[in-house]
Amino acid sequence: MLSDEVQWVLRNARLHAADPALRSAAGFAQGAGRAAPVHRAQVGRWENGGVEVTRELVRRYESVLELPEGQLLAAVDFFARSRHPIRAAAALPPRTDPDADATLTLLERALGDERMTGLDWDRLSDSLGRMPHVLVRTSDWERLFRRLLQELGLGLQLDYAQRAEALARLAGHPRSGAVVARLAAEVVARPDAQFYNDTLSLLQFTRDPEALSVLFDQLRAPTNASSLRACLIVLTTLVRGARLEPETRLEAIRLAVQHLRDPDQPYLVHRGAANLVRTLGPAGSHRVATVLTAEDRRVAASIIRDGRAITSQAIREAHQRIRAVLEAGEGRAAAGEPVLGDLLQTALGETNEEDRSNALCILMLSPQASIIGTVHASAFADAMARDDHVAAHESATVLTWMGQLEDLDLFERVALSQATPPTVAMEAGYVVGNVVEPPGRRREEREASFARRVAEVIATGAGDPHAELLRGLVYVLGMRRRRDLLTALADALPEPGPDPRAMPEIARGVLGWWLAVPEHLHPER
């Protein structure tokens, strides 16, 4: 089991307790009236491998520190998921067998119109995962996935993490594989989908033989840049644990290099293709990197050769800035932790997006999240000032998880500027959409500005880059539940036309996705 990582989760949470009295082992051992007192030495045994870490122990830490239920358990699950992608139950399951009646009650709620919390999904998915022979109809599996995928697209912070883990568990259930493959094939066939990655990601958590077929079909004939990028991310993870036939492997490398060398594809597709080449072809990857360097595609060559898109010096400097801020504040005791260092290295420097996403999700749930977000907002601004859009993309990837309220004006400017490359503006939009902003005049002005820019893109934009930009801008309005603005934009669209790739038709599907979300699926902020 991931003993070092789990012990770090516990220790890190204690050292950053909101109540300073709980940061010492002696203070924490007293239980703060929320758990039975123990000797201070017991805390050392919990956090240094002296005893087995159980679900009940992690819950004790959450209770004593007054953290939301499941916050530390979610971090443990993501550490475990990075080692073993296919897993149908919690990494630290309850000691008792699933309660069949309670599970049925949750299942009926999930299949109905009642609100489900992230914790509800956590409990339902764990219980079903520990019932390998559970009788759930195919149509009900599909309804579960469709609902949870919608909720995932609306989730933030712990709400998002618990739903993402629940989706992975349900996809890993021995009875759900065929449904997962069918849903993935359905979404990648739609040029007007709002999200691709959430659905395609399910394929890495199933052993269904159709998973690879769906991804290879998309690799051969991508629907658009967004679907291709999602395909590359998932295929890179999937092939690490799959034994491919030599012909299949060679075809995947050939197609990845073809997409990598296509000048019309955006950087994020090039990054995904380079990661796939790096994963599939270690024997020939050096030769591919040499060719790409000669073609002045040094970023792609760096990803294939070194697994990173920016210089090691830039990664090291960002790491040092985060550590310096920690050491200057109340996080000094945790600043030099090896597990934290590994997480930061993966989150800041690793271009493999599934590994990176797992690390970013863990950091998002950690006390260091705001510091990491602030440091990367500064790095993003610096990158934009020198027109280094690769570095801007890398920082924006971090900030979609850990953007801070005080940096919203920066990302609004970048997202709405016509001078910003569309894919950078798209990511800036996702950053804005993922930051919770209190009600007020400034928030209303910001949302109105995004609506005006969406209308401009619909009227004048064309091609994949502007379709991706549209998704990022509309995301802001959708996440802020501005149904009035979304409805006005949809009502202003021209009559449906014959070309599904035309911008008004893409907009019709994207706006329609948000307008079709039932009220009970929106999480309570």
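How are helices α5 and α21 oriented to each other: roughly parallel or roughly antiparallel? In this predicted model, where local features need pLDDT of at least 70, side-chain atom pairs count only at pLDDT 80 or more, and totals for chains, interfaces and linings use all residues, residues are numbered from 1 along each chain as its sequence is written. Side-chain values use heavy atoms, with hydrogens and water left out.

First, the helix pairs. Two packed helices are described by the angle between their axes and the distance between the axes. Helices here are DSSP runs of H or I with at least four residues, strands are E runs of at least two, and both are numbered from the N terminus. Axes are lines fitted to C-alpha atoms, for helices over the stretch in contact, with angles running from 0 to 180 degrees between N-to-C directions.

The axes of α5 (residues 71-83) and α21 (residues 353-364) cross at roughly 165° and come within 9 Å. The two helices are therefore roughly antiparallel (angles over 145 degrees count as such, those under 35 as roughly parallel, 65 to 115 as roughly perpendicular, and the rest as oblique). The crossing of α5 past α21 is left-handed, a label used if the near helix is turned anticlockwise from the far one by less than a right angle, with clockwise being right-handed. On the α5 side, Ala-75, Phe-78, Phe-79, Arg-81 and Ser-82 meet Asn-358, Cys-361 and Ile-362 of α21 (contact means heavy atoms within 4.5 Å). Sorted by class, this contact has five nonpolar, two polar and one charged residues; Ala, Val, Leu, Ile, Met, Phe, Trp, Tyr, Cys and Pro count as nonpolar, Asp, Glu, Lys and Arg as charged, and the others, Gly among them, as polar.

With α25 (residues 422-433) and α27, the axes come within 8 Å and cross at roughly 10°. That makes α25 roughly parallel to α27, and α25 passes α27 in a left-handed crossing. Residues meeting across this pair include Met-426 and Tyr-430 in α25, and Leu-469 and Tyr-475 in α27. The contact divides into 10 nonpolar, five polar and two charged residues.

Then there is α1 (residues 3-15), whose axis comes within 9 Å of that of α20 (residues 338-349) and crosses it at roughly 100°. These two helices are therefore roughly perpendicular. Here Asp-4, Glu-5 and Trp-8 in α1 meet Val-339, Leu-340 and Leu-343 in α20, giving four nonpolar, no polar and two charged residues.

On to the charged side chains. Side chains of opposite charge can pair when their charged atoms come close. Counting a salt bridge as a side-chain nitrogen of Lys or Arg within 4 Å of a carboxyl oxygen of Asp or Glu, the tally comes to 48 salt bridges. One of them joins Asp-140 and Arg-137, at 3.1 Å from N to O. Asp-140 is buried, at 9% relative accessible area, while Arg-137 is exposed at 56% (buried means under 20% relative accessible area, exposed over 50%, and partly exposed in between, with a 1.4 Å probe and protein chains only).

Another salt bridge links Arg-453 with Glu-456, again with 3.1 Å from N to O. Both residues sit in helix α26 (residues 441-460), three residues apart, or about one turn of the helix. Arg-453 is buried at 11% relative accessibility, and Glu-456 is partly exposed at 37%.

Arg-481 pairs with Glu-519, and their closest N and O atoms are 2.0 Å apart. Arg-481 lies in the loop between α27 (464-479) and α28 (483-491) and Glu-519 in the segment after α29 (503-515), so the salt bridge ties together parts that are 38 residues apart in sequence. Arg-481 is partly exposed, at 38% relative accessible area, and has a positive phi of about 60° although it is not a glycine. A network of salt bridges takes in residues including Asp-409, Glu-437, Arg-446 and Asp-484.

A couple of single residues round out the picture. Glu-66, also not a glycine, has a positive phi of about 55°; Glu-66 lies in the loop between α4 (55-64) and α5 and is exposed at 59% relative accessible area. Gly-27, in helix α2 (residues 25-29), is buried at 19%. Leaving aside residues up to four places away in sequence, Gly-27 touches Ala-21 and Leu-22. The C-alpha atoms of Gly-27 and Arg-14 are separated by 10.0 Å, with their positions 13 residues apart along the chain.
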